[in-house]
2 protein chains.
Amino acid sequence: MTIDQAQPTRRGALATFGAGVALAAAGPSLALTPALAAVPPATKQAPAFYRNKVGDIQLTIVNDGARTMPLPDTFVRNVTKAEVESALGAAYVPTGKLTVPYNPILLNSGGKLALVDTGNGQGDAKGEVGHLLPNLAAAGIDPKQLDMVIITHFHGDHILGLRMADGSLTFPNAEVKVPAAEWAFWMNDENMAKAPDAMKGAFALVRRIFKDLGDRLTPYEMDKDLLPGVTPFATVGHTPGHTSLAIQSGNERLLLQADVTNIPALFLRNPGWHVMFDMDAQKAEETRRRFYDRASADKVLVAGFHFPFPALGHVEKDGANNFRLVPVAWNPVL
Amino acid sequence: MTIDQAQPTRRGALATFGAGVALAAAGPSLALTPALAAVPPATKQAPAFYRNKVGDIQLTIVNDGARTMPLPDTFVRNVTKAEVESALGAAYVPTGKLTVPYNPILLNSGGKLALVDTGNGQGDAKGEVGHLLPNLAAAGIDPKQLDMVIITHFHGDHILGLRMADGSLTFPNAEVKVPAAEWAFWMNDENMAKAPDAMKGAFALVRRIFKDLGDRLTPYEMDKDLLPGVTPFATVGHTPGHTSLAIQSGNERLLLQADVTNIPALFLRNPGWHVMFDMDAQKAEETRRRFYDRASADKVLVAGFHFPFPALGHVEKDGANNFRLVPVAWNPVL
């Protein structure tokens with residue numbers, strides 16, 4: 001039987017192809033090694049952190065886990081659920097559900113440690129998320145060592161990790177930098193009062209997380225370095241103050257996009273699709289197209305919070321209006 | 001300044017784009033957190049192992065490192081070096097050098113542990129390779145626990161890890177399964193005598209590694225399961241007895257290709273290219289095209305020894321005669 005005749009799901013159906021060599025067995029056929037005890041399958045995935053350098057700046061992508069949920073009917077507001085399922089299938093993932101990973105990034109610039117976004121915190125009973133602290137520990141980092149937390153925007157999966165389950169600060173020695181425009185929007189009582197009921201919880205969450213931070217919290221402006229080589233720039237639409245970071249050292253550069261897109265297989269492939277989380281869908285689409293037009297033209301490495309770990313890749317055009325993520329090749333040595 | 005005006009390598013050139021939100025700062029601007037000691041950059045990459053399930057069979061991809069070398073003039077025998085450099089550039093990697101990763105795979109089928117291929121062994125002074133044992137340890141595996149080593153073919157990067165630097169067996173309790181056709185070719189004294197001088201070392205290496213294995217070594221035939229759900233099939237050309245494995249459990253299936261191709265960005269993109277390591281280039285190309293025609297039609301997950309870690313992906317057509325690897329999305333939970 002050859003591979004060309006094989007049924008994809010039938011056992012034993014793959015046999016010789018590209019053959020033509022006589023199978024002359026030689027040597028003894030009986031193995032006398034001892035029978036070992038059965039080994040149960042492992043129940044834990046490998047720790048998920050990954051280091052990458054941009055000139056003198058070291059990045060460590062530290063995964064916080066991934067959530068799998070039934071595909072919401074309106075996950076993409078402006079296309080049918082069937083179209084979303086078709087795009088998932090084309091990306092070789094199950095079509096009836098959705099897996100969204102979360103990837104905070106630790107920066108070491110000039111000996112200062114800054115974590116960009118904080119993940120979902122410690123409250124997940126299912127164990128799908130809340131991996132940030134164990135993965136930081138696997139990378140040899142104590143939360144007390146952090147000098148700074150940089151927040152890109154105020155959605156829960158980016159800010160919840162600032163607090164432990166008991167409300168104490170996860171990174172007790174870190175100052176917290178938040179985009180000034182994002183701060184202005186969410187802390188405005190008028191915006192909260194006029195928000196639809198479904199959004200009031202988000203306003204309350206922001207106030208709970210940032211409460212009593214006092215001097216630790218500083219709103220930051222665009223185009224002013226947060227650390228040497230770490231420059232924020234506005235990528236609004238997803239939220240009113242959504243911010244990305246340009247990381248540059250020497251001649252090396254990386255764009256940390258945060259949530260310019262969610263899952264690449266859906267929204268790089270289809271930058272015109274409006275994910276349910278985009279607060280201003282039109283503006284988010286404009287931002288997305290300009291971001292990826294530029295990133296693909298410059299062939300610059302992009303880090304995405306919701307890209308599959310290690311969440312780094314190059315963006316290239318696929319036809320006139322679509323894009324594709326080419327994940328970075330894992331480098332086992334620094 | 002907007003992203004559209006920015007120079008790709010100029011610092012501070014990325015500023016507001018997609019803007020339109022007033023930057024109203026609020027809250028205190030002075031951070032009074034303590035100054036922490038400078039943290040030096042980490043000098044070690046994360047451990048590289050990754051677990052994946054195929055039905056009831058658990059796979060753990062265990063990286064042995066990667067070698068980076070100047071791009072050989074004849075790395076691809078039938079195209080110019082400039083064409084190879086162009087393909088590397090199109091894959092966003094440096095064009096003057098070549099990085100080749102090595103990914104043995106541990107299988108747990110029915111409580112039996114089998115390692116497929118063994119990597120480069122412990123003799124690398126530069127530390128680029130020889131990561132298999134530390135990565136196995138990180139995955140909680142003691143080499144004594146292995147029941148079986150399955151070899152796909154007899155090139156050094158697949159068999160050297162069978163022995164420690166002192167010549168002792170790395171996996172003292174494992175039986176060693178080798179393809180009967182591969183064994184017949186390399187152990188044949190006539191083949192060794194008529195081999196070109198450049199290949200005599202490879203024959204000597206095979207004899208040194210497999211010497212005195214006695215009852216531990218068993219040549220295996222195609223289409224006979226090595227473990228439940230683990231079926232070898234011939235994919236010759238790269239070497240005379242080169243073998244791949246079909247892994248199947250329930251309705252899930254994976255093809256462990258070994259060296260049907262080397263680096264995907266070169267040889268999936270260009271299946272007609274002949275890597276310098278293919279012993280029968282025409283046969284290797286035929287095997288490659290048939291393997292990927294089938295793998296892409298079936299949308300089956302493929303593991304490649306020289307794919308970037310975690311070395312798993314789907315193969316899809318890109319035009320009539322070329323292919324593309326779509327790496328699997330990292331799953332942080334089992």
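Student: Which residues point one way from E2(A), and which point the other way?

Tutor: Bear in mind from the start that this is a predicted model. From strand E2 of chain A, A:Ile57, A:Leu59 and A:Ile61 point one way, whereas A:Gln58, A:Thr60 and A:Val62 point the other way, and all of them are buried. The strand, which covers residues 57-62, is accordingly described as mostly covered, with six of its six residues buried.

Student: Which strands does E2(A) pair with, and in what sense?

Tutor: Let us take the general idea before the case. Strands of a sheet pair through backbone hydrogen bonds, and they do so either parallel or antiparallel. Here, strand E1 (residues 49-54) of chain A runs antiparallel to E2(A) and is joined to E2(A) by six bridges. Strand E5 (residues 105-109) of chain A also pairs with E2(A) in the antiparallel sense, over four bridges. To find single partners in the picture, look at A:Tyr50, whose bridge partner in E2(A) is A:Ile61, and at A:Gln58, whose bridge partner in E5(A) is A:Asn108.

Student: What lies between the strands in the hairpin of E1(A) and E2(A)?

Tutor: That hairpin has two residues between the strands, and in it A:Gly55 takes a positive phi near 55°.

Student: Which residues touch the most other members of the largest nonpolar core?

Tutor: That core has 178 residues, and A:Ile61, A:Val149, B:Ile61 and B:Val149 touch the most other members. You have already met A:Ile61 as a buried residue of E2(A). If its neighbours within four places in sequence are left aside, the contacts of A:Ile61 include A:Phe49, A:Tyr50, A:Asn103 and A:Ile105, and also A:Ala303, A:Phe309, A:Pro310, A:Ala311 and A:Leu312.

Student: How should I read the order of the open sheet of six strands in chain A, and which are its edge strands?

Tutor: Read the names as a walk across the sheet, from one strand to the next. In chain A the order is E10-E11-E12-E13-E14-E15, with mixed pairing. The edge strands are E10 (230-234) and E15 (322-327) of chain A, each of which pairs on one side only. From one strand to the next, the twist averages 35°. At one edge, E15(A) runs antiparallel to strand E14 (residues 312-318) of chain A, and six bridges join the two; among the residues involved, A:His314 has A:Val326 in E15(A) as its bridge partner.

Student: Which helix packs on this sheet of chain A?

Tutor: Helix H8 (residues 281-298) of chain A does, touching E12, E13, E14 and E15 of that chain, and its direction makes about 100° with that of E14(A).

Student: What is the strand order of the open sheet in chain B?

Tutor: The order in chain B is E10-E11-E12-E13-E14-E15, again in an open sheet of six strands with mixed pairing. Its edge strands are E10 (230-234) and E15 (323-327) of chain B. E10(B) pairs with strand E11 (residues 243-249) of chain B in the antiparallel sense over five bridges, and the bridge partner of B:Pro232 in E11(B) is B:Leu245. Helix H8 (residues 281-298) of chain B packs on this sheet, and its direction makes about 95° with that of E14(B).

Student: Why does A:Gly156 count as partly exposed?

Tutor: Burial is read by counting C-beta neighbours, and a residue is partly exposed when its count falls between the limits of 12 for exposed and 20 for buried. A:Gly156 counts as partly exposed because it has 15 C-beta neighbours inside 10 Å. This residue lies in helix H3 (residues 156-159) of chain A.

Conventions:
Residues numbered from 1 in each chain as written. Chains lettered and ligands numbered in written order. Predicted model: local features only at pLDDT ≥ 70, side-chain atom pairs only at ≥ 80, totals over all residues. Pairing = 2+ DSSP bridges. Axes fitted to C-alpha atoms, helices over the stretch in contact; angles between N-to-C directions. Contact = placed C-beta atoms within 7 Å. Core = buried A, V, L, I, M, F, W, Y, C linked by C-beta atoms within 7 Å.
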